[in-house]
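Hello,

Here is the structure I promised to pass on. Have a look at it first, and then read on for my notes.

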Amino acid sequence: MKKLRPCKTISIEKKNIGLKDPVYFIAEIGSNFDGDLYRAKELIYMAKEAGADAAKFQHYAASSLVSDFGFKSINNSSHQSKWKKSVYETYNDASIEQDWTGILQETCKEAGLSFLTSPYSFDLVDLVDKYVPAYKVGSGDITWIEIIEHMASKGKPILLAIGASNMIDVQRAIEAVLNITPNLIVLQCNTNYTASHDNYAFIQLNVLQELQNMYPGLITGLSDHMPGYTTVLGAVALGARVIEKHFTDSTSRTGPDHAFSMTPNTFREMVDRTRELEDSMGDGYKKVEENEKETVILQRRSVCAKNNLSGGIRIKRQDLTVLRPCPVDGIAPFDIKKIVGRVLNKGICSGQHIKWDDLV
């Protein structure tokens, strides 16, 4: 089977995602609804106000995602060790009710957002298919090629997070998708959820450029768990077109994801600063910009008479100086040698700029 080339532009519910399109923001509500459907709906509307393009959840059942025996049998010193309940109980409490899916999708539609989710079993991939315009593969499933292929077979865009993986893992997953569909977006990710300042050294934003070089045209993005938006601006400057951030209304709430999430205010700030950065990036063509045209006259120098000069004299270098401004008919300093030895056809006063029409 011939591998497909990744699409340079992908549309999610009529919103285009590509290098020439605005950055697409995903508010990862995840488990931050705290088991409350009303709260989940409120967070969707907050995400819209904060500038998100999509609200994302996670569909899983603890029994098909984690092994209670397995986690109790290992030494788990990660952020999970600080949870008050076991890993199994925490996931079980945070899981979404399956019959809420349609309600959440309809709420997103009313709010003007796309509804996204990460399904963590084959059955759940099939369950959410009629509700989602795209599938998100969580970093933890990057080695589960079967479920990646199952999502890709649905004919919808795939957002593939690549946290806690090496390039062999990434290539394996990418190839699995591209064997089925070209509609792929790859999200660089670091899956340390402590939001520690030390984690900046592990974000590896330059992986975005490596991916873009390996797979020309590939749309890349960042699934981020750091505080603030420094990493986001860096990613966007390197070509990322999708940003995913966890979203809550308060980082002080109890729950596995609240502490490293963004709030409506910080999410809005991130979006606004990103839009400024997008405007700043430009088209890569160096030119005098529209808002600089007056500056060209005011700040550039032109060749001027150093002293009063009489008509008919042959100009010497010591007769000339270079001063601001440079009127449109002025002579730029890089042409000063072309003036030396020419004859003035009229008198020029000290400080007056010389024009080509003034020379014989």
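At roughly what angle do the axes of helix α10 and helix α11 cross? Before I get to that, please keep in mind that this is a predicted model.

The axes of α10 (residues 230-237) and α11 (residues 264-281) cross at roughly 25° and come within 10 Å. An angle under 35 degrees counts as roughly parallel, so α10 is roughly parallel to α11. Their crossing is right-handed. If you would like to find the contact on screen, look on the α10 side for V232, L233, V236 and A237, which meet M270, R273, T274, L277 and M281 of α11. By type, the residues of this contact are 7 nonpolar, 1 polar and 1 charged.

Next, the nonpolar cores. The largest one has 64 residues, and I44, F57, L104, I174, L184 and F267 are those with the most contacts inside it. Helix α8 gives this core its largest share, 6 residues. Take I174 as a place to zoom in: leaving aside neighbours within four places in sequence, I174 is in contact with L160, L184, V186, L211 and Y215. There is also a second, separate core of 13 residues, with I12, Y24, I26 and L116 among them.

One more residue for you to look at is D169, which lies in helix α8 (residues 167-178). Is D169 buried or exposed? Its relative accessibility is 15%, and buried means under 20%, so D169 counts as buried. Not counting residues up to four places away in sequence, D169 touches I142 and T143.

Best wishes

Methods: Residues numbered from 1 in each chain as written. Predicted model: local features only at pLDDT ≥ 70, side-chain atom pairs only at ≥ 80, totals over all residues. Heavy atoms only, no water. Axes fitted to C-alpha atoms, helices over the stretch in contact; angles between N-to-C directions. Helix = DSSP H or I, 4+ residues; strand = E, 2+ residues; numbered from the N terminus. Parallel < 35°, antiparallel > 145°, perpendicular 65-115°, else oblique. Left-handed = near helix turned anticlockwise from the far one by under 90°. Contact = heavy atoms within 4.5 Å. Nonpolar A, V, L, I, M, F, W, Y, C, P; charged D, E, K, R; others polar. Buried < 20%, exposed > 50% of the residue type's maximum accessible area, 1.4 Å probe, protein only. Core = buried A, V, L, I, M, F, W, Y, C linked by side-chain atoms within 4.5 Å.
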